[in-house]
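Work through the exercises below with the sequence and the model at hand. Try each task before reading its solution.

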Amino acid sequence: MSKYHVTTTVNNDEFEFLCEPTQTMLDVLRDELNLTGSKEGCATGDCGACSVVMDGRLVCSCLVLGVEMEGKSIETIEGMADGDDLHPLQQKFLDHAALQCGICTPGVLVSAKALLEKNPDPTETEVRYWLAGNLCRCTGYDKIIRAVMDAAKEMRAA
Amino acid sequence: MDNSLDMQFSAGDKDLNYVGKRTKRPDGVDKVTGRARFGADTRLPGMLYGKILRSPHAHARIISIDTSKAEALGGVKAVVTRDDFEDRESEFVPAGEMMVNYRDMVRNIMAREKVLYDGHAVAAVAATSVSIAKKALKLIDVEYEILPHVIDVCDAMTPDAPVLHEDLITEGVDPVPTKGSNVAKRIEFKLGDVVKGFEQADEILEKTFDTKPVHQGYIEPHACLASCSESGSADLWCSTQGQYLVRAHCAKLMGMEISKLRVTPSEIGGGFGGKTVVFLEPVALALSRKTFRPVKMTMTRDEVFRATGPTSGANVRVKIGITNDGKITAAEAELKYQAGAFQGSSVQPGCMCAFAPYDLQNVDVVGWDVLTNRPKVAAYRAPGAPISEYAVECVLDELADRIGMDAVDLRLKNAAKEGTQTAYGPKLGPVGFVEVLQAVKSSDHFKAPLGANQGRGIGVGFWFNIGGETCVSMSVNEDGTLTLVTGSPDIGGSRASICNMAAEELGIDVEKINPIIADTSSLGFNFLSAGSRTTFACGMATIEAARNAIDNMRARVAQLWEVPVESVIWENGAARPASSNAGEFDPMTLPEIAKIAPKTGGPISGHAEINAQGAGPGFGAHMVDIEVDRETGHVKVLRYTVVQDAGKAIHPSYVEGQYQGGAVQCIGWALNEEYIYGDDGCLQNSGFLDYRIPLASDLPMIETIIVEVPNPNHPYGVRGVGETPIIPGLAAISNAISDATGLRMTALPMSPPKVLQALKQAQA
Amino acid sequence: MQYEAPETLAAAVELLAGTSGQARILAGGTDLLVQLHADMTDPDLLVDIKKIQELREITNVDGRFTIGAAITGAELGEHPDVKKIWPGVVEGLELIGSTQVQGRATIGGNLCNASPAADVVPALIAADAIVHVAGPAGRRQIAVEEFAIGPGKTSLAKDEIVVSLSFPPRGERASDAYLRFIPRTEMDIAVVGCGISLERDAHGICTQARVALGAVAARALLVPAAAAAIIGTSLDAAALDNLAAAASTACSPIDDKRGTIEFRTDVAGVLARRVAKIAYDRAG
Amino acid sequence: MVKVFLSGTISQWADGVTEIDVAATSVRQIFMHLRQRFPKIEPHMEDEIAVAIDGTIFQDAWFEKVSEDSEVHLLPRVGGG
């Protein structure tokens, strides 16, 4: 299978890579760019563990082809903290113990950040529906929702 | 058991600095930044990609496997089939939930004579890319002779059912059968005389319940990376609840010496019992041994559902007799549990737990372990217990109704307490069941009003909890920090709890302790992170290791002060004179002692190698409010409270997390989750789209009440907390639906079509 | 497999017409990538249509909306006007999948996937939408209820592309609604879906209605008998009973992992009732 | 003599006996006695039996002491998820 040359921006860094046309963005991030923070839980868009933001839109990177990354700007979990300054959401997840095993955490954080950028003052119901595509099997979501609400509050005050 | 550990909690209300505090988890930052390395996140130079060819049939004899075309494909470096795995003797070894048999295990990881379920591994390929490996799988020709299959547990027990293993003779029945069947085992637990007990009853109720297999649903699929060297040694990285058990199983299956196989556990993306067995690991090792190149294997979600271990589906009959004033006089149950394609369901703990929450005189529980053409079951939190306790709790609720007694009062009246003779064996030590039920009654939730079409239900749960073999090693570093080495994979934040206990013992800042989870070559044997043992057993070993390090430091200081070691005590992170009689010395802090360690005898460490005993049973209760949409059968969960005895919550946040996560798994199991098979015996919902685990939008907040009745066998009173939370919810939800509608659903899941059908039948 | 992302419709049609192998159109990819992952499809050519401007536009000419086939659920939901006039169409598209899927899944994709359970399709049928198609021979129009001909099958030729969907102009007292039944609250495929578009007069009498059902037959159905049950009424109890009965009667579903025949038939009636009330209230 | 109770499966392996008196001062001595008396229990002895002494469960406890007034129950070992 001949490969395609793609130029893209991930977390403000420009990357060039070669990929097979069947490789997904998730495959590319993990296998070609060594950005393994995005996780594969299903590869069918049902779990959200691979969530990234592409040109401002929250997407499952398993449902985007690597070749579609051409010219796009991608944000992944690896770009969320500013140096050793954690994003308020990351900090609140630690404070609220909003993770247990941690496999869903990168995807949940990326999704929650996209929510708060669109809606800085979401209701609990809005948070729950926005995150419906991010499966978590450990926490029962309770502490995740609390952490997101608390981060939103702190970010509004800032 | 080492009873030398002081039982600290009983020393009175000693102020605790870290135990019971919500400290920062040591692995937290790595997990919120995407840095933490899970099973599929490791790569090696020269790595190959392994893929497995799986059976499309539920039951078929393998006539032949031709791999020649796959082997000829460019980029394919190795193919393995049944011929690459040596057959093993029938030999049972403990592996978490139940015993496993190596003769079965070698057949489960790669089908031998027959394929026994849809998804059963038949061959595997290692290639230079995933796409080549997938292409190669299509080039493998397998000739099958398709056989009739059986999926349902009751069908599998009939005399004319297709038999999976013709040589399987039922154990525990008299006379011993002469012919093979799907029934592996009959077990029975008895106490007193149920016939007499039922004679004393005013009300007797008997009902039969069905449950479907459900999957643990961990979000991280199984993944591993194996690298065999020409020297005969091998490295294996994998996501597992127990690297030492992976080592034991793989060494056995590969014919390797234990010391030559080093297994390094990755961070684990959920397990719940499902990552206590091996699937990919021996196959990856076999592929690597053929190529002497690293081989990485990851499962797809479809493979996880089809070919790992869900829990049993079951058929359970329960009969209970009570007097008009609510005393249970007799309790009887018959449990038929699916084991999947090989024997070893969780029916035994199911039998043992069935009536364990109650103080009963007359009990008879019979269990059957039954094979079906499904994947071999694995543990799923408190294996076996949710199924049997669900049925019991539903029957009890109806009996409470019949005699006009409050459901909690009925349970209180019969509650197991210290000294209760259990049907499964011992008398109970101190347990917190009565306290749990009292906390239910005094909660706001219990008193809150309900609206139309709403109902409230409660259910209770019991799990034994376990201890087991554990090693911990702790180095006092030259700058006064500590490195804590454990061998227990952290599945839910246990590192934080363990550091809390270490900091408490040592009297130092918890953030000065850095824990790591060791590979199998760096620390002695540890049993699985399972059975709610980690905080209990690994905690006990940590406390002992800390005390060992403290003793070492006290000895150094005693030498320095030229006093007997007894004259030096350890308090608030420093060695101090035991009294003024010991001499006037300024305290020496841990960093001060660490700094001069080279002069006082060399590096300082502490260690413990224990087999932790005396785990404290865990009791819990769930209370749930639901609303039924009478036109669609949809059940909405409105409010949910978990009450459970933790013994002592070392890190309350992660105790709450266990309660909340377990409760939501109950909600999934009760309402929507199930394995759905077609007439062809193939699984139809092998993905998260149609295997419906609860979503954030399906749920309310999950309230928690932590009851603390200390376990006298642990220095801080810890009981395990991970297993019990998956038990009470199934019945609680069923009882709530019954409260809202007056209907008793007797089959799980209580999905909308079933609820609507029941509502229509009741109307008609 | 060859991947192409043409910038004009002509180029896209030419690519499709020119290939001798199997070609698939890539829009949001939320179904296609799942099929690729599961080896359910192995095309020789993938034509990504998201760079074609006409497919990415929403226009409103004198109250006639045209929505490009590659408009995503998120984009449609954010459009200031469409939701006011066609709330049912918007909610149909917005119900598909998660927030993540909404960022990708397109209105044309949901239509072309031709699933009997596709969420936007009953809403489009109720809205009397027209499918605009381009092919080597030029353009043609298809009534949306004629577009799917069976599960996974459409009336498109191999070298045709759905360009857009257009909607008739609306009266003042007109609106629509879509509801589906799923076991959870999100992330599921519709077990039953129902879209209703209606218009009422100044006295609250329903003057026009279209009722469509999803997931109860081999393709989404337009149910004229159900519409007839409410036209001329103010959606009184008897009219709603007749509506529900007509909706249930129109069902010819299957038993599968997502629902039973009995359940789907019952719930179709229940949903029709609920959707009609919402649309009626919105129209008022 | 120590009173030893055998529950469920253990009793099935011990020809249905549910209660025996054993002269023993440790768990290991009880086990040795059982091995001799009930050959069917042998394959299960290593890994499948836990002991409860006065209510405390020991998964492995050869050297644990028992005395005349100990109440000893043998029960199946449990694991967990």
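**Exercise 1. The sheet of chain D**

Task: In this predicted model, find the order of the strands in the open sheet of chain D and state which strands stand at the edges.

Solution.
- Step 1. The open sheet of chain D has five strands, in the order E2-E1-E5-E3-E4, and their pairing is mixed.
- Step 2. Strand E2 (19-22) and strand E4 (56-58) of chain D each have a single partner strand, so they stand at the edges and one side of each is left without a neighbour in the sheet.
- Step 3. From one strand to the next, the twist averages 25°.
- Step 4. Now take one pair from within the sheet. Strand E3 (residues 49-53) and strand E5 (residues 71-76) of chain D run antiparallel and are joined by five bridges.
- Step 5. To place this pair on the sequence, start from D:Val51, whose bridge partner in E5(D) is D:Leu74.

As background, strands of a sheet pair through backbone hydrogen bonds, either parallel or antiparallel.

**Exercise 2. A hairpin in chain A**

Task: Describe how strands E1 and E2 of chain A are joined, and say which residue of the hairpin takes a positive phi.

Solution.
- Step 1. Strand E1 (residues 4-10) and strand E2 (residues 13-19) of chain A run antiparallel, with seven bridges between them.
- Step 2. One of the residues to look for is A:Thr9, which has A:Glu14 as its bridge partner in E2(A).
- Step 3. Two residues lie between the strands of this hairpin, and A:Asn11 takes a positive phi near 50°.

**Exercise 3. Two domains in chain A**

Task: Give the bounds of the domains of chain A and describe the contact between them.

Solution.
- Step 1. The domain assignment gives domain 1 (4-79) and domain 2 (88-157) of chain A.
- Step 2. Taken over C-alpha atoms, the centres of domain 1 and domain 2 of chain A are separated by 22 Å.
- Step 3. The contact takes 13 residues from domain 1 and 11 residues from domain 2 of chain A.
- Step 4. On the side of domain 1 that touches domain 2, strand E3 (residues 51-54) of chain A gives the largest share, three residues.
- Step 5. That side of domain 1 divides into seven nonpolar, five polar and one charged residue.

**Exercise 4. Two helices in chain A**

Task: Are helices H3 and H5 of chain A roughly parallel or oblique to each other?

Solution.
- Step 1. The axes of helix H3 (residues 105-118) and helix H5 (residues 142-157) of chain A come within 11 Å and cross at roughly 40°.
- Step 2. Angles under 35 degrees count as roughly parallel. H3(A) and H5(A) are therefore oblique to each other.
- Step 3. The crossing in which H3(A) passes H5(A) is right-handed.
- Step 4. From H3(A), A:Val108, A:Ala112 and A:Leu116 meet A:Ile144, A:Val148, A:Ala151, A:Ala152 and A:Met155 of H5(A).
- Step 5. By class, this contact has eight nonpolar, no polar and no charged residues.

**Exercise 5. Chains B and C against chain A**

Task: For chain B and then chain C, find which element gives the most to the side that touches chain A.

Solution.
- Step 1. In chain B, 41 residues are in contact with 44 residues of chain A.
- Step 2. Helix H1 (28-32) and helix H19 (652-671) of chain B are the elements that give two or more residues to this side. H19(B) gives the most, with seven residues.
- Step 3. The side of chain B that touches chain A has 19 nonpolar, 16 polar and six charged residues.
- Step 4. In chain C, 22 residues are in contact with 25 residues of chain A.
- Step 5. Here the elements giving two or more residues are strand E1 (2-4), helix H2 (32-37), strand E3 (45-48) and helix H6 (99-102) of chain C. H2(C) gives the most, with four residues.

Methods
Residues are numbered from 1 along each chain as its sequence is written. Chains are lettered from A and ligands numbered from 1 in the order in which they are written. This is a predicted model: local features need pLDDT of at least 70, side-chain atom pairs count only at pLDDT 80 or more; totals for chains, interfaces and linings use all residues. Two strands pair if DSSP finds at least two bridges between them. Two residues are in contact if their C-beta atoms, placed from the backbone, lie within 7 Å. Ala, Val, Leu, Ile, Met, Phe, Trp, Tyr, Cys and Pro count as nonpolar, Asp, Glu, Lys and Arg as charged, and the others, Gly among them, as polar. Axes are lines fitted to C-alpha atoms, for helices over the stretch in contact, and angles run from 0 to 180 degrees between N-to-C directions. Domain bounds come from an automatic or database domain assignment. Angles under 35 degrees count as roughly parallel, over 145 as roughly antiparallel, 65 to 115 as roughly perpendicular and the rest as oblique. A crossing is left-handed if the near helix is turned anticlockwise from the far one by less than a right angle, and right-handed if clockwise.
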